[in-house]
Amino acid sequence: MSTSSHSQGFGTKAIHAGQRPDPSTGAIMTPIYQTSTFVQQSPGKIIGEYDYSRAANPTRTAIEANLAALEGGKHGLCYSSGVAATGAVLHTLSAGDNVLLCDDVYGGTNRLFHRIFAQLGIETTLVDMTDLDATRAAFRDNTKLLWIETPTNPTLKIIDIAAVCELAKGTGARVAVDNTFATPFLQNPLSLGADIVCHSTTKYIGGHSDAIGGALIVNDDELHQQLKFIQLSEGAVPGIFECFLLLRSTKTLHVRMERHCANARRVAEHLIEHPAVERVVYPGLESHPQHAIAKKQMRDFGGMVTIYLKGDIERARTMLERVHLFGLAESLGGVESLIEHPAIMTHASVPPEQRAKLGISDSLVRLSVGIENVDDLIADLDQALA
Ligand code: P1T
């Protein structure tokens, strides 16, 4: 472990933070402590730090510390999925509380707020958070949480995290940011004033399309204790093997993200010129409405590209059926490229009026650009659009 006060770079933290050789064997990789429980010396007198794996497990502790370091936060907590992490934040609220929810979020997030927590008396107000006046005007006396997703899924709007946090200051409302699309490599919401960072680790952090998981990162000790209590009581914890897979994945996050960003830029720039494409949305393009904010708060612009095709839904269907390298599937952020139709797939649970308002139309196609050779990806898209 480093003892110097020099602040380490992202790649070094990704590989070392929260991890040390196993004290009993010297194993360089944190072992998979595949155990549900830990033997005690006498009732209540535990041998190390652990008593039961729902509460804590050494493999999980290692990845929680690693993710906290990558986000520049004090505490990390891992969950069985991204929506379980989101649900844990909502469980800090009480009936009668109001939440301001960014209007374009993952369909499952929208469903969780409107179909599960609404029944428990938590009221949700949808707000276009790219409009700071509208966001300011949406606050109520009982507003206790703002939920930001940026870049948003699937229209890739960029929300000014620092500006929204400034609005929330002094109101008693916490700000949570779903940082799944950006990853800690590109954007660190805690440093911009957010209270909570949420991740679906299923995506870029996991990076290999082989494990479902979620995480929260916070600085505040009291909030951490509250979330730990909720995690222990509700039990939405990840399996030990999934924790190990994540530990393996974070070591290459910086390298993968660099390639995702470079490939996505090339794909976006290519598609702008394509006669079958009406419009390309990518935060790195000058034409993106919030490009200046993206430049200010992100280190690069990510691996997601959203396109509007010319023509009707049949045009989109044909393209989606013709791709070979791009997998037609929900999810994103893996090394392999994926493509999907949000209106039919990931955002089908969003009411049609809201989809129409957000521009999640039948001609919208979302690309998760992987880290294959980009010329092959472009050739695949070209033949699918021919
Ligand atoms: O699938 P899960 O690990 O529970 O994560 C939910 C989630 C949370 N936040 C964002 C921004 C997400 O994109 C997701 C999941 N999204 C997809 C499955 C998708 O294809 O968009």
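Biologist: What separates the centres of domain 1 and domain 2 in this model?

Modeller: Taken over C-alpha atoms, the two centres sit 26 Å apart. Keep in mind that we're looking at a predicted model. The domain assignment puts domain 1 at 10-250 and domain 2 at 253-385.

Biologist: How do you know which residues of the two domains are in contact?

Modeller: You look for heavy atoms within 4.5 Å of each other. By that test, 45 residues of domain 1 touch 43 residues of domain 2.

Biologist: And what makes up the area buried between domain 1 and domain 2?

Modeller: That area is about 3400 Å², and carbon and sulfur atoms give 60% of it. On the domain 1 side, Ile158, Leu186 and Tyr204 supply 23% of what domain 1 buries against domain 2, more than any other three residues.

Biologist: Why is the pair Lys296 and Asp160 called a salt bridge?

Modeller: Let's check it. The cut-off is 4 Å between a side-chain nitrogen of Lys or Arg and a carboxyl oxygen of Asp or Glu. The closest N and O atoms of Lys296 and Asp160 are 2.8 Å apart, so the pair passes. As background, side chains of opposite charge can pair when their charged atoms come close. Across the interface of domain 1 and domain 2, the rule finds one salt bridge.

Biologist: Which helices supply at least two residues each to the side of domain 1 that touches domain 2?

Modeller: Helix H1 (10-16), helix H4 (107-117), helix H6 (161-168), helix H7 (183-186) and helix H9 (240-250) each do that. Sort that side of domain 1 by class and you get 22 nonpolar, 17 polar and six charged residues.

Biologist: What makes Asp221 and Lys74 a salt bridge?

Modeller: Same kind of check: the closest N and O atoms are 2.9 Å apart, and the limit is 4 Å, so the pair counts. Asp221 belongs to helix H8 (residues 221-234), while Lys74 is in the loop between helix H2 (58-70) and strand E3 (75-79). The two are 147 residues apart, so to speak linking distant parts of the chain. The structure holds 13 salt bridges.

Biologist: Now the ligand. How do you know that Asp178 makes a polar contact with the ligand?

Modeller: An N or O atom in the side chain of Asp178 is 2.7 Å from a nitrogen atom of the ligand. The cut-off is 3.5 Å, so this is a polar contact. Ser200 passes too, with a polar side-chain atom 2.9 Å from an oxygen atom of the ligand. With Ser331 a polar backbone atom takes part, 2.7 Å from a ligand oxygen.

Biologist: How many residues surround the ligand?

Modeller: There are 18, and the closest are Asp178, Ser200, Thr202, Ser331 and Arg366.

Notes: Residues numbered from 1 in each chain as written. Predicted model: local features only at pLDDT ≥ 70, side-chain atom pairs only at ≥ 80, totals over all residues. Heavy atoms only, no water. Domains from an automatic or database assignment. Buried area = accessible area lost by both parts, 1.4 Å probe. Helix = DSSP H or I, 4+ residues; strand = E, 2+ residues; numbered from the N terminus. Nonpolar A, V, L, I, M, F, W, Y, C, P; charged D, E, K, R; others polar. Near = heavy atom within 4 Å. Polar contact = N/O pair within 3.5 Å; in protein donor to acceptor, adjacent residues only side chain to side chain.
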